[in-house]
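Reader: I'm new to reading protein structures, and I'd like to go through one with you. Could you show me how to pick out its features, a piece at a time?

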Amino acid sequence: MGYRIALDRGVLRAELFCRETVEETNTFFRAIASASRKSRSPYILISVRSSKPVFQLEQHGLLEYFRELAVTPSRRIALLGDSSDLRLSHEYIELIARQHGLAVRSFLDETAAYQWF
């Protein structure tokens, strides 16, 4: 597992590669939360590549990370995945997050995500 987190054109860009386990996911989200507190960017782009999809958002405590990241109503979180399974899991995450009043959306491409921001 590897990840990169950087500020890009006012967007906190978090890229995850080859994630296998829930613990790796938690490590990644802790790093995003830390970077988010430092940057205070209203926009977060989470791009996931070559990783297993996550469908048990609430059971693994991942919803709490999204709540922490979406601390203000103006905070927007965009999700990108490089496979149909990842995109399906991101659509599920979007559904659950929106039910909790969080501005989280799944996108097919980066251009659409940046336009939403």
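**Reading the fold, piece by piece**

Author: Sure, let's start with a single residue: Glu94 sits in helix 3. Keep in mind that this is a predicted model.

Reader: Is Glu94 buried or exposed?

Author: To answer that, look at relative accessibility, where under 20% means buried. Glu94 has 13%, so it counts as buried.

Reader: Which residues does Glu94 touch, apart from its neighbours within four places in sequence?

Author: Those are Val104, Arg105 and Ser106. There's a polar detail here too: a polar atom of the Glu94 side chain lies 2.9 Å from the backbone nitrogen of Ser106.

Reader: Let's zoom out to the sheet. In what order do its strands come?

Author: The order is 1-2-3-4-5, in an open sheet of five strands with mixed pairing. Strand 1 (2–8) and strand 5 (104–107) are at the edges with a single partner strand each, so one side of each has no neighbour in the sheet. On average, neighbouring strands are turned by 20° against each other, direction ignored.

Reader: How do I read the pairing of strand 1 and strand 2?

Author: Check the direction, then the bridges. Strand 1 and strand 2 pair in the antiparallel sense, over seven bridges. For example, Ala6 has Arg13 in strand 2 as its bridge partner. The hairpin of these two strands has two residues between them, and Arg9 takes a positive phi near 55° there.

Reader: And which way do strand 3 and strand 4 run?

Author: Strand 3 (residues 43–49) and strand 4 (residues 76–81) run parallel, joined by six bridges. One bridge to look for pairs Leu45 with Ala78 in strand 4. Helix 2 (residues 62–69) packs on this sheet, touching strand 3, strand 4 and strand 5, and its direction makes about 135° with that of strand 4. Helix 3 (residues 84–99) packs on the sheet as well, touching strand 3, strand 4 and strand 5, with its direction at about 160° to that of strand 5.

Reader: Where do side chains point in a strand?

Author: In a regular strand, they alternate between the two faces of the sheet. For one strand residue here, take Arg76, found in strand 4. At 29% relative accessibility, Arg76 counts as partly exposed. Not counting residues up to four places away in sequence, Arg76 touches Pro42, Tyr43, Ile44, Ala103, Trp116 and Phe117.

Reader: Which residues of helix 2 are buried?

Author: They're Leu62, Leu63, Tyr65, Phe66 and Leu69. Try looking down the axis of helix 2: these buried residues fall within an arc of 155°, so they line one face of the helix. Their cover includes helix 1, strand 3, strand 4, helix 3 and strand 5.

Reader: Which residues touch the most other members of the largest nonpolar core?

Author: Phe29, Ile32, Ile46, Phe66, Ile77 and Val104 do, in a core of 27 residues. At least two core residues come from each of strand 2 (11–17), helix 1 (22–39), strand 3, helix 2, strand 4 and helix 3. Phe66 is a good one to click on: leaving aside neighbours within four places in sequence, its contacts are Phe29, Ile46, Leu57, Ile77, Leu79, Ile93, Leu102 and Val104. There's also a second, separate core of nine residues, with Val11, Ala78, Leu80 and Ala113 among them.

How values were computed:
Residues are numbered from 1 along each chain as its sequence is written. This is a predicted model: local features need pLDDT of at least 70, side-chain atom pairs count only at pLDDT 80 or more; totals for chains, interfaces and linings use all residues. Side-chain values use heavy atoms; hydrogens and water are left out. Two strands pair if DSSP finds at least two bridges between them. Helices (H or I, at least four residues) and strands (E, at least two) are DSSP runs, numbered from the N terminus. Axes are lines fitted to C-alpha atoms, for helices over the stretch in contact, and angles run from 0 to 180 degrees between N-to-C directions. Contact means heavy atoms within 4.5 Å. Buried means under 20% relative accessible area, exposed over 50%, partly exposed in between (1.4 Å probe, protein chains only). A polar contact is a pair of N or O atoms within 3.5 Å; within protein, one must be able to donate a hydrogen and the other to accept it, and residues adjacent in sequence count only if both atoms are side-chain atoms. A nonpolar core is a set of buried Ala, Val, Leu, Ile, Met, Phe, Trp, Tyr and Cys residues joined through side-chain atoms within 4.5 Å. The arc is that of the directions from the helix axis to the C-beta atoms.
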